[in-house]
Amino acid sequence: MDSYRRNDGSVTFARFAEKHRRLLNAFVRQNPGLLEKSFLMMLKASRLIDFDNKRAHFRSRIRQQHDQHLSGPLRISVRRAYILEDSYNKLRMRPSQDLKGRLNVHFQSEEGIDAGGLTREWYQVLSRVIFDKGALLFTTVGNNATFQPNPNSVYQTEHLSYFRFVGRVVAKALFDGQLLDVYFTRSFYKHILGVKVTYHDIEAVDPDYYKNLKWMLENDVSDIPDLTFSMDADEEKHILYEKTEVTDHELKPGGRNIRVTEETKHEYVDLVADHILTNAIRPQINSFLEGFNELVPRELISIFNDKELELLISGLPEIDLNDLKANTEYTGYMSASNVVQWFWEVVEGFNKEDMARLLQFVTGTSKVPLEGFKALQGISGSQRFQIHKAYGAPERLPSAHTCFNQLDLPEYSSKEQLQERLLLAIHEASEGFGFC
């Protein structure tokens, strides 16, 4: 009877929250602590909570863990050329409690002192190496812009231990409020959230194969005699991202001899989706989640949906130049100074890659905070983009201090000279820091 009353109360509250969603979210925005007290039941229907309120709740819970962490910072020293191997060896055996401390990174043979900028760079450089094809851990699918575990990772020594390490790194980035230079497939975000994948998620992995499955569901398959609950080797090799060693695969016991009918085609499509998106890479997924959930428990991350989790891990996908200009401060120059005007004219002509390089050069990360450039972080919290006048030889390259999000810009004699010097700096001097 008590259980019935509780369930009935939950349904009543969910209906009330649905009807008054905007008002309830406004209350939470004013007092985020309500989600841990009076409005706790809203977490059971998290789809009713606006993303900014979910994020505030998530950050509050993470801060509580930070405050409870009593030991000192987590210090690691790595070689830039071996950042994956060194980071793996430094972090894989550390107790999860140690990972909750403030990260302090030192790049060997470099003079930089980490006041925040080196940590941001470590996350960026490490994530690029982790998701590079040479590491064999992840593979790009669909439009070559999203990643998920590589079935061929078995050729990487200790590959499951590496996936556990990667899970720790992604969770640590969330824990630290850092953004990573990577986007996962929709299905992999669902695995992190504990949400069941469906055949619709295949569209991002293989659009043509998705169309075939969709056609099956919308048309009569009775006249396809060779369609059975199995996948032949050629089909396996194509779908599983060019996996090198494949055999026929039965989607259920005896599937090679069981025809797909109108009555069973939905079951067939579901089994195909499970095989492609889950079962074929199940060990890798499990190892990643083992490392991830050491720092970020499933019940906390599951308040987000897959699109929100993507924003949380990777930030905004596009760089808004107007937002950057509106949140830039000047020292030694004014917004009307020739050099400043030339700078923005040059940057407006940058392609997406050069814009990302500029951000990486100045801030230590190419990612944009979810709240926009007003939320850039520096040595002591919020720190806007800075352009400082650099004194000395006018032909010198621009330099940067990532802990202050600061670009030191010499007073060049022409826009052409500024463009040439700036491009050279962000292409050739974008890694390694002398001051932070």
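Seen whole, the protein's secondary structure comes to 17 helices and twelve strands, where helices (H or I, at least four residues) and strands (E, at least two) are DSSP runs numbered from the N terminus. The coordinates are a predicted model, in which local features need pLDDT of at least 70 and side-chain atom pairs count only at pLDDT 80 or more, while totals for chains, interfaces and linings use all residues. Residues are numbered from 1 along each chain as its sequence is written, and side-chain values use heavy atoms, with hydrogens and water left out.

**The whole chain**

Colour the surface by accessibility to begin: of the 436 residues, 50% count as buried, the term meaning under 20% relative accessible area, with exposed meaning over 50% and partly exposed what lies in between (1.4 Å probe, protein chains only). The protein exposes about 21300 Å², of which carbon and sulfur atoms supply 49%; the areas come from the Shrake-Rupley method with a 1.4 Å probe, and for residues only the protein chains shown count as cover. Among contacts with a separation of 6 or more, 70% are accounted for by residues 24 or more positions apart, a contact being heavy atoms within 4.5 Å.

**Aromatic pairs**

Next, show the rings of Phe, Tyr and Trp. The structure holds 19 aromatic pairs, counted when ring centres (for Trp, the six-membered ring) lie within 6.5 Å, with planes under 30 degrees apart called stacked, over 60 edge-to-face and the rest tilted. Select F184 and Y189: their ring centres are 5.7 Å apart and their planes stand at 75 degrees, so the pair is edge-to-face, and both residues are buried. Then select F229 and Y268, another edge-to-face pair, with 5.8 Å from centre to centre and 80 degrees between the planes. This pair links distant parts of the chain, 39 residues apart, since F229 sits in the loop between helix 8 (207-218) and strand 5 (230-231) and Y268 in helix 10 (residues 265-277). F229 is buried at a relative accessible area of 0%, and Y268 counts as buried at 3%.

To see a larger grouping, select F131, F138, F147, F163, F184, F188, Y189, F288 and F292, which form one aromatic cluster.

**From a ring to a charge**

Return to F229 and add K252, which lies over the face of that ring at 4.2 Å from its centre; the criterion is NZ of Lys or CZ of Arg within 6 Å of the ring centre and within 35 degrees of the ring normal. R80 is placed over the face of F107, also with 4.2 Å to the ring centre.

K252 also leads to E267, for the two side chains meet in a salt bridge (3.2 Å, N to O), defined as a side-chain nitrogen of Lys or Arg within 4 Å of a carboxyl oxygen of Asp or Glu. Here E267 belongs to helix 10 and K252 to the loop between strand 6 (249-250) and helix 10, 15 residues apart. Both are partly exposed, E267 with a relative accessible area of 34% and K252 with 24%.

**Other salt bridges**

The count of salt bridges comes to 27. Select E294 and R164, whose closest N and O atoms are 2.8 Å apart; the bridge joins helix 11 (residues 282-295), which holds E294, to helix 6 (residues 159-176), which holds R164, across 130 residues. E294 is partly exposed at 23% relative accessibility, as is R164 with a relative accessible area of 23%.

Move on to E348 and K325, which meet at 3.6 Å, N to O. E348 lies in helix 15 (residues 338-348) and K325 in helix 14 (residues 321-326), so this pair ties together parts 23 residues apart in sequence. Finally, select R21, R29, D50 and D52 together, which are linked in a network of salt bridges.

**The annotated position and two backbone angles**

Centre the view on C403, which an unreviewed UniProt entry annotates as "active site"; such positions are given in the numbering used here, feature names are shortened, and annotations may be inferred rather than shown by experiment. C403 lies in the loop between strand 11 (399-401) and strand 12 (406-410) and is buried, with a relative accessible area of 2%.

N405 lies in the loop between strand 11 and strand 12 and has a phi near 50 degrees, a positive value in a residue other than glycine. Most residues other than glycine have a negative phi. N405 is buried, with a relative accessible area of 0%. E158, in the loop between strand 4 (146-149) and helix 6, has a positive phi near 55 degrees and is partly exposed at a relative accessible area of 46%.
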